[in-house]
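User: Please take a close look at a single part of this structure for me, and explain step by step how that part is packed against what surrounds it.

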Amino acid sequence: MDDALRHGLEDAPSARWTPRTKAASLGVAVLLAAVLLYFSLRGIEWKQVARIVAGADPGRLALAAAIGTAALFLRACRWRILLNAEGNLGVSTVFWATAAGYFGNNFLPARAGELVRTFMISSRSALETPYVLATALSERVADAVALLVISAVVLLILPTQPGWLTGATRSVAILALLGALGIAILPLLGSFARSVIEHAPLPHALRPRLITAMEHGLRGMRAFHHAGRLFGFLGLTVVIWTLDAVGTVIVGAAVGFRIPVSVAFLLIAGLGLGSALPSTPGYVGIYQFVAVTVLTPFGFSRTDAIAYILVAQALSYVVIGFWGSLGLLRYRRARPPRFST
């Protein structure tokens, strides 16, 4: 990774973990992955998995990869709506940062990709880092709400319901709704928050920095408070998750399975909600557990579910890895404006 990008991530407040904290986080993620893999991989017929994977249709996989690329591009367009509430960023700039961020989330621990894409944007624009990070995190909250709506609607339609997903939806719904309320209300309380910081028992030199970071962060959330931006964001969200569901159906067809659209929506909702858990790079263990528990109630064997998710996960790595590595390469070749002389 580029030195400037690495130093920027290390300087970010969210990245200042002690070695002990990093080790503890990794330990929890590895333990969780091991437990989930144990429950997911019991009784799997690996020869059958190999036959299914080897027989995957390259044409359909290529189509799914194209759809995944289109969804990634639309995610960049959606984030750009929020960023350009106070900036004037081009589509390509936001796309490469988005691709690099998703690449980081797939291959780095603790969702460090959010910091990667935040620093790539803030280093190439006049936007402050707290503002960019607030838009990125607000986008994640909006996605969580969308996934909860999707899972709730599908669970009402389907006669068979994976028990853990129903419970997880209810639990995460509270956090997602609190996040949505925060985006709606916190930007209106800027004066109150400023007053709290000014009167807090903090070092005098720290107060201006906290106030500045708080104001930039609230402005990032306030990007949703414009009707045109909000409806544009919501419209793209519907298209993005629909493309993801279509891609899921096509990958299933590539390995010889018929995955109904309703089950595809349920699966992407489960994968999205599961990715919020502490995880090893690549969500190893979590994706396998979600695939087995979501697909088996609908007539898929555990072997089928594992074969499917291995192909789908590998395809995701290829798509995100290709565009993300190109994004990081472009970043390294182009000198960031803030560091130019």
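The request below concerns one helix and its surroundings.

User: How does helix 11 pack with helix 4, and is Thr248 buried or exposed?

Analyst: This is a predicted model, and the description starts with the pair of helices before turning to a single residue. Helix 11, which covers residues 227-254, packs with helix 4, residues 58-83, at an angle of about 165°, and their axes lie 9 Å apart. Angles over 145 degrees count as roughly antiparallel, and therefore helix 4 and helix 11 are described as roughly antiparallel to each other. Where helix 4 passes helix 11, the crossing is left-handed, and the residues of this contact comprise 21 nonpolar, three polar and five charged ones.

Within helix 11 one finds Thr248, which has a relative accessible area of 7% and is buried, because buried means under 20%. Apart from its neighbours within four places in sequence, Thr248 is in contact with Ile259, Ala264, Leu267, Ile268 and Tyr308.

Two of these partners, Leu267 and Tyr308, also appear in the largest nonpolar core, which has 51 residues, where they are listed with Val251, Val255, Leu295 and Ile309 as touching the most other members. Helix 11 is one of the helices that each supply at least two residues of this core, and the others include helix 4, helix 12 (261-274) and helix 14 (302-333). Leu295, again leaving aside its neighbours within four places in sequence, is in contact with Val263, Leu267, Phe300, Ala305 and Tyr308. A second, separate core consists of 29 residues, among them Leu89, Ala136, Ala142 and Leu328.

Note on methods
Residues numbered from 1 in each chain as written. Predicted model: local features only at pLDDT ≥ 70, side-chain atom pairs only at ≥ 80, totals over all residues. Heavy atoms only, no water. Axes fitted to C-alpha atoms, helices over the stretch in contact; angles between N-to-C directions. Helix = DSSP H or I, 4+ residues; strand = E, 2+ residues; numbered from the N terminus. Parallel < 35°, antiparallel > 145°, perpendicular 65-115°, else oblique. Left-handed = near helix turned anticlockwise from the far one by under 90°. Nonpolar A, V, L, I, M, F, W, Y, C, P; charged D, E, K, R; others polar. Buried < 20%, exposed > 50% of the residue type's maximum accessible area, 1.4 Å probe, protein only. Contact = heavy atoms within 4.5 Å. Core = buried A, V, L, I, M, F, W, Y, C linked by side-chain atoms within 4.5 Å.
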